[in-house]
Every structure is written in structure tokens, then in C-alpha cells.
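Subject: Structure for your review

Dear colleague,

Please find the structure below, with its sequence. A summary of what was found in it follows.

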Amino acid sequence: MKVSAQHEPLARFIQSFRHDLHQHPELSNQEFATTDKIRAALEKEKIRILDLPLKTGLVAEVGGLQDGPLVVLRADIDALPIEEESGVEFVSRNQGVMHACGHDFHASAALGAAILLKKAEAALKGTVRILFQAAEETGLGAPSVIATGVLDQAAMIFGIHNDPTLPVGVVGGKDGALTAGVDRFEIKIAARGCHAAKPHEGNDPIVILGQLISALQTIISRTLPSDNNAVVSITQVHSGSTWNVIPDTAYVEGTVRTFSQAARELIERRFRQIVSGLGATFGADIELIWHAGPPSVVNTARWVDLALEVAGAEGFEARRIEASPIGEDFAFYQQKVPGAFMMVGSGGPYALHHPKFRVDDRALFPTAHYLYRMARQALEQLAAG
């Protein structure tokens, strides 16, 4: 996907911008320098920035020179608490922090799209708002943006995520659920410890723990229909500190991934029933702490069709893909505004959130131009009724 001579300066600029963001990653809700850099680049291009009560992140706006619909583009900007091992020349300078999910790529592509839209502002059939969103990795960044009211008049929203499992030059999407609803659970067992040689004098939380793990793992196989995809994964187990003492407590943590609200509610209900039942059976206090994360990204068929059509016209290979169990807080926007969230090939070979993760720079300007073209085409379609 060759960059034209006309666009070469912008392509070089956003690549340099991305490398700078990558070298200076910031964790969720700490993206102060990142926000300042994006703001400065937008102001240099005389792109409007909305005055909103956001701690970090910002919203830019292009268009509005004539009556018309409002379209929203979204990019996330935060990094992860991971020590980078990618080997790139522009490796993170912030120890223990890395753009291991490609949000530097997303932000730089959105910046490029904003600049392209500004150059075409007089021809736009409405208004485009570009969300540079903080704290996606917490799952709670999007609700903070929604609370400002910037989506209240929006007709559609569009977003992308880089996908290292797809080669550069591919855009993938699907109607309906694309990502999973994400919930986190913690379970705390309080029983009664004793000498390991005299277990009858105590109430062993490790025995309860074993029963709990077995029971939780039957939820998917014995509660949900076989065609309803969902995951229950236990990722941490802690209890005890030595070989000859039965401890007082045990702790379990993990995640649930679902693709429908009905399954999500059913699994949480079964968790609560199992915890309550085992507590009564064993005479222990078992506390379930449920952390509800973002729901599934649910794409609107109309906008997926347009996104794939635009991708093909832009020179991408447009693919229909399968749903993924990853989480994405873009889903909160789609509860308010219809739209599409698409996956853009970034070349791999390492997965998202891996210390060696990297994005192929060849994907950057084509993605920026794709976001620009998608915004324009959406405005055209909406204005035409």
C-alpha cells in the first residue's frame, strides 16, 4: 500500500509522532504528556478542541461548516504496565510501561485522519469528532467520555484496533458481537485454620477451594447451551504459607468472557448460587466480589458493510472475521450510538499485551487514510438519508 508523494510528509510526521508516543508511554488516567502532545499537534493544524471536563485525553472536532450529521471516530491512548522487550529502536524509556496494545498506533492514525479531515473541511457533509480516549485498559475510559455529552447528537461511531494476527493490508470485521463482555471476579474464603496433623479441629479453606474451582468450571459445560460461547478462567489461587499448617483463608481470582447479555447475567447468577451454597455446606464465610467490565462490542450491519466497502476501495483486503474473546470498552459507545469497530492488520508476530509486541509502521498511514475516508463516507451516506 504505497503512500502517494502528496501524503508523504504527513505519513512521515505521524510515524515520528507514533515513535515518540511509544518511547514515552503512560498508564491509564496518567496520560498527561500524551494528551499534551496530541493537543499541540491538533492546535498546530488549527483543529478545534472541545472544552470538556476530562482528566486526560481530549476530543477534537472538524467540520460543522454546514448543517449535517455528526460522526465520531475513536482512538485510545493509554499503555500497559509491561516491561518492553520488542527490540525496536524507539523502545519505551519509561521502565515497566509499554504500548503493548498498539494504542500509540491508534492515536497517531486518528491524528493523521484529523489532519486529513481538516484539509477537506469545507467539503464535509457534517461534523466529525475525534475521541482521543484515556484509560481503555481499565475498561472505564469510555463511560467518562460519554458523561461529557459529546455523543448525544452523534449518528454513528467508528473505531479500529490493530490486530497482529492479521497481515498488514487486511481489514476485518463482522456484524453483531465482535468482542466479549468482560467481567472479573474475586472470591475470598474465610474458614478456620489449625495444625495440619489435626484437620478435624479446623475448617480447611483449601478443601473448600477445591470444591469451588470444580463447581465453577461446570458453569459453562452444564449451564449454557453448547452453541453459546463463554469462558470462565481462574487465574490466581492463594492460600497458606507453610507445609504443616492449615490456613484460615483462601483467595481466587479470574475472568468471565461472554458474547450475550443473557449468558453474562446467567453466569453471574450461578456464581452467586455456588458461593452461597458452598458457604452453607462448609460453614465458612465466602465473599464474591464481582467487577463488571465492558459488554460485547456489537457492530451494526449497515456500518460494517460500509467499513468493508471503504476498506476495499482504500486498497485493503476486506475480510469477514470471527468474534474474539478480548475485551474493549468501545462497547459502551455502541450502547448509545450505532457503529462499527474493525480490526486492522498490524503484522505480528507477537500477540497483544506481549512484551515483544510490535506494530508494522507500514500499516500506519493507510489506517489514517482509512479512518478519514470512513468518516467522509459515513457523512455522505447519512446526509443522503
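Gln 334 may serve as a starting point: this residue sits in helix H9, which covers residues 330-334. The model is a predicted one, and the values that follow were computed from it. Gln 334 has a relative accessibility of 13% and therefore counts as buried, the cut-off for that class being under 20%. Apart from neighbours within four places in sequence, Gln 334 is in contact with Val 297, Val 298 and Asn 299, and also with Gly 339, Ala 340 and Phe 341.

Strand E16 (339-345) is joined to helix H10 by a loop in which Pro 349 has its place. The peptide bond that leads from Gly 348 to Pro 349 is cis, and its omega is near 5°. His 353 is found in the loop between E16 and H10 as well. The phi of His 353 is positive, near 75°, in a residue other than glycine. With a relative accessibility of 38%, His 353 counts as partly exposed.

Helix H10 itself runs over residues 364-383 and has 20 residues. From first C-alpha to last it reaches 29 Å, close to the 28 Å expected at 1.5 Å a residue. Of its 20 residues, 14 are buried, and H10 is thus mostly covered. Just after H10 comes Gly 385, with a positive phi of about 85°.

Helix H2 (residues 32-44) can be described in similar terms. It has 13 residues and reaches 18 Å between its first C-alpha and its last, close to the 18 Å expected at 1.5 Å a residue. Which residues of H2 are buried? They are Thr 34, Thr 35, Ile 38, Ala 41 and Leu 42. Viewed down the axis of H2, these buried residues fall within an arc of 130°, so they line one face of the helix. The general background is that an α-helix has 3.6 residues a turn, so residues three or four places apart point the same way. Asp 36 and Lys 44, on the other side of H2, are exposed.

The cover over the buried residues of H2 includes two helices, H1 (8-23) and H3 (103-119). It also includes strands E1 (48-49), E2 (58-63) and E4 (127-133). H2 is followed by Lys 46, whose phi is positive and near 60°.

Strand E4 leads on to a further backbone feature. Ala 135 lies in the loop between E4 and helix H4 (141-146). Its phi is near 60°, a positive value in a residue other than glycine. Ala 135 counts as buried because its relative accessibility is 3%.

The pockets may be of particular interest to you. The largest pocket holds about 660 Å³ of space. Its lining is made up of 25 residues, and those nearest its centre are Glu 137, Thr 138, Gly 139, Val 182 and Arg 257. Strands E8 (181-190), E12 (249-258) and E13 (285-292) are the elements that give two or more residues to this lining. E12 provides the largest share, four residues. How many residues of each class line the largest pocket? The lining has seven nonpolar, 10 polar and eight charged residues.

Yours sincerely

Methods. Residues are numbered from 1 along each chain as its sequence is written. This is a predicted model: local features need pLDDT of at least 70, side-chain atom pairs count only at pLDDT 80 or more; totals for chains, interfaces and linings use all residues. Side-chain values use heavy atoms; hydrogens and water are left out. The expected span of a helix is 1.5 Å times one less than its number of residues. Buried means under 20% relative accessible area, exposed over 50%, partly exposed in between (1.4 Å probe, protein chains only). The arc is that of the directions from the helix axis to the C-beta atoms. Contact means heavy atoms within 4.5 Å. On a 1 Å grid over the protein atoms alone, a cavity is a set of points where a 1.4 Å probe fits but cannot get out, and a pocket is an open set with protein on both sides within 12 Å along at least five of seven lines; lining residues have an atom within 4 Å of a point. Grid points are joined across faces, edges and corners, and a volume is the space filled by probe spheres set on the points. Ala, Val, Leu, Ile, Met, Phe, Trp, Tyr, Cys and Pro count as nonpolar, Asp, Glu, Lys and Arg as charged, and the others, Gly among them, as polar.
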